[in-house]
Number of protein chains: 2
Amino acid sequence: MTTYGPSLTYHHGNLRKALLDRAAAVIAEQGIECLSLRALARDLGVSHAAPSRHFTDKADLLRALATEGSDKFIAYVFAAAEAAGDNPLERYAAMGKAYIRFSLEYPAYYRTIAHPEVVAHADDELKASEKRRSLIINDAARAAQAAGWLPDESIDDIVMFSIATVRGVSAMLGDPLHSRQSEIRDYEALIDRMVRLIIDPAAPQKSLNPATRNDEKQPGGKNNEGDRM
Amino acid sequence: MTTYGPSLTYHHGNLRKALLDRAAAVIAEQGIECLSLRALARDLGVSHAAPSRHFTDKADLLRALATEGSDKFIAYVFAAAEAAGDNPLERYAAMGKAYIRFSLEYPAYYRTIAHPEVVAHADDELKASEKRRSLIINDAARAAQAAGWLPDESIDDIVMFSIATVRGVSAMLGDPLHSRQSEIRDYEALIDRMVRLIIDPAAPQKSLNPATRNDEKQPGGKNNEGDRM
DNA sequence: ACCCCAATGTTGTCAATGACAACTTAAGGT
DNA sequence: ACCTTAAGTTGTCATTGACAACATTGGGGT
């Protein structure tokens with residue numbers, strides 16, 4: 001955060017963007033509930049009512065942030081899928097990992113997107129972005145199922161289960177307390193394991209961190225259906 | 001909510017309990033962020049500072065509610081496990097279902113327990129209850145693994161995966177928007193399916209709701225390891 | 001080049017809230 | 001019956017979101 005002292009110019013230049021940036025920083029540091037429009041204005045060296053020129057109220061600012069975040073989320077997750085190649089299951093796994101990674105890389109965006117209050121007051125633009133988000137996941141889940149994954153489940157169940165899990169993992173890893181007390185070494189590996197548990201719990205671990213897995217038993221059988229991806 | 005009009009007695013009788021009850025009602029209806037000590041006092045017909053005799057501040061009230069809720073949660077989940085019999089996997093599944101059911105039956109308790117801010121300001125009593133909660137789940141997960149479930153995963157991973165999923169499902173079902181737009185008929189059946197996906201995704205559905213599952217294919221093979229519970 | 005107006009910020013105010021202080025009431029043990 | 005003290009009350013202050021009325025300035029049309 002760069003503070004410019006008493007502003008030399010009457011007009012800020014790009015207060016709207018500055019507000020969104022600072023809001024994201026505050027949300028990432030102290031959570032969405034601690035956001036205060038007046039504090040934001042103070043941080044940026046403008047008067048307490050200046051933000052109202054750009055956002056009618058707090059919900060409006062959060063809506064804008066959520067829209068930005070939702071679009072960024074879509075791009076992030078889609079890019080991960082593309083990078084994963086053509087196998088629908090690998091694509092779906094990559095999206096699951098990207099979901100969790102996004103929540104850690106952009107906690108402010110993620111918390112805003114996921115906040116029930118924000119979602120409840122979504123305008124048409126945000127609703128549209130949410131819909132796109134939902135569609136991209138649904139489509140990928142459908143493709144994964146078509147490739148042989150969980151053939152007996154309804155697509156709604158599959159999607160709900162997948163989202164619930166990545167959402168839960170994101171919430172747990174994003175909670176400063178939980179992650180502080182459980183001393184996680186390697187987030188990437190943890191995310192991989194969580195997504196593997198969603199997609200193919202019967203498969204044996206591929207690259208194993210000796211500290212985080214159990215003793216090697218099981219000579220070869222047991223996971224007869226392994227290697228689905 | 002029963003309002004007694006201008007109180008006839010100077011003393012309320014049991015304001016502490018009344019505050020907790022009313023707080024739970026408000027949280028269930030409007031969410032934890034909408035809770036206001038002054039509104040609570042108004043609802044109960046006492047002065048705006050009366051609550052401070054029982055709770056030093058808002059966090060203190062939420063802490064009390066969370067402690068109550070955490071203890072109730074433990075009893076609820078433990079009872080479900082006991083009712084499920086001796087099979088560790090069935091017990092674990094019953095606990096998972098109970099987790100989600102608790103969040104729907106006691107949304108105020110659940111939201112309070114799960115609120116990061118509340119957890120962050122936990123006192124020793126609440127921390128102790130949280131620890132018991134954590135232990136009961138860990139033990140059950142260990143037993144389930146000892147009974148053959150996911151033998152290759154670390155217990156921490158198993159617990160994180162399980163909790164993340166039930167937590168995510170609870171969040172999704174507890175969000176008025178999500179459940180309003182997705183028209184869920186039978187919560188019990190949905191919860192069963194979600195927990196089955198955690199514990200034994202390869203197993204075929206047992207009692208099937210034709211509307212929520214796919215066409216029956218798969219004559220018999222494929223789920224060779226089924227019926228673990 | 002000039003002027004004017006609309007976008008952008010500012011000061012001022014109000015109601016709601018959490019938190020605290022100082023005062024008041026009544027309930028129950030001795 | 002008394003009187004200590006738990007339980008409520010009124011009063012006040014700082015913070016905040018929201019709004020209204022006023023001030024400044026930069027850029028576009030003439």
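Start inside the protein: select A:Tyr92, A:Trp149 and B:Trp149, the residues that touch the most other members of the largest nonpolar core, which has 128 residues. A nonpolar core here is a set of buried Ala, Val, Leu, Ile, Met, Phe, Trp, Tyr and Cys residues joined through side-chain atoms within 4.5 Å. Buried means under 20% relative accessible area, exposed over 50%, and partly exposed in between, using a 1.4 Å probe and protein chains only. In soluble globular proteins, nonpolar side chains tend to be buried together.

A word on what's on screen: this is a predicted model, where local features need pLDDT of at least 70, side-chain atom pairs count only at pLDDT 80 or more, and totals for chains, interfaces and linings use all residues. Residues are numbered from 1 along each chain as its sequence is written, chains are lettered from A and ligands numbered from 1 in the order in which they are written, and side-chain values use heavy atoms, with hydrogens and water left out.

Stay on A:Tyr92 and show its contacts (heavy atoms within 4.5 Å). Leaving aside neighbours within four places in sequence, its partners include A:Ile137, A:Ala144, A:Trp149 and A:Ile199.

Next, click A:Ile74, in helix H3 (residues 58–83) of chain A. Helices are DSSP runs of H or I with at least four residues, numbered from the N terminus. A:Ile74 counts as buried because its relative accessibility is 14%. Not counting residues up to four places away in sequence, A:Ile74 touches A:Ser129, A:Arg132, A:Arg133 and A:Ile136. Try a distance to A:Arg132: the two C-alpha atoms are 7.8 Å apart, though 58 residues separate them along the chain.

Now for the DNA. Select strand D and the 24 residues that surround it, the closest being A:Arg38, B:Ser47, B:His48, B:Arg53 and B:His54. Near means that a heavy atom of the residue lies within 4 Å. Helix H2 (residues 37–44) of chain A gives the most to this surface, with 3 residues.

Zoom in on the polar contacts, pairs of N or O atoms within 3.5 Å. The side chain of B:His54 puts an N or O atom 2.8 Å from a phosphate oxygen of strand D, while a backbone N or O atom of A:Leu37 is 3.1 Å from one.

Last stop, strand C. Its 25 surrounding residues have A:Ser47, A:His48, A:Arg53, A:His54 and B:Arg38 as the closest. Here helix H2 (residues 37–44) of chain B supplies the largest share, 3 residues. Finish on A:His54, where a polar side-chain atom lies 2.6 Å from a phosphate oxygen of strand C.

How values were computed
Helices (H or I, at least four residues) and strands (E, at least two) are DSSP runs, numbered from the N terminus. A polar contact is a pair of N or O atoms within 3.5 Å; within protein, one must be able to donate a hydrogen and the other to accept it, and residues adjacent in sequence count only if both atoms are side-chain atoms.
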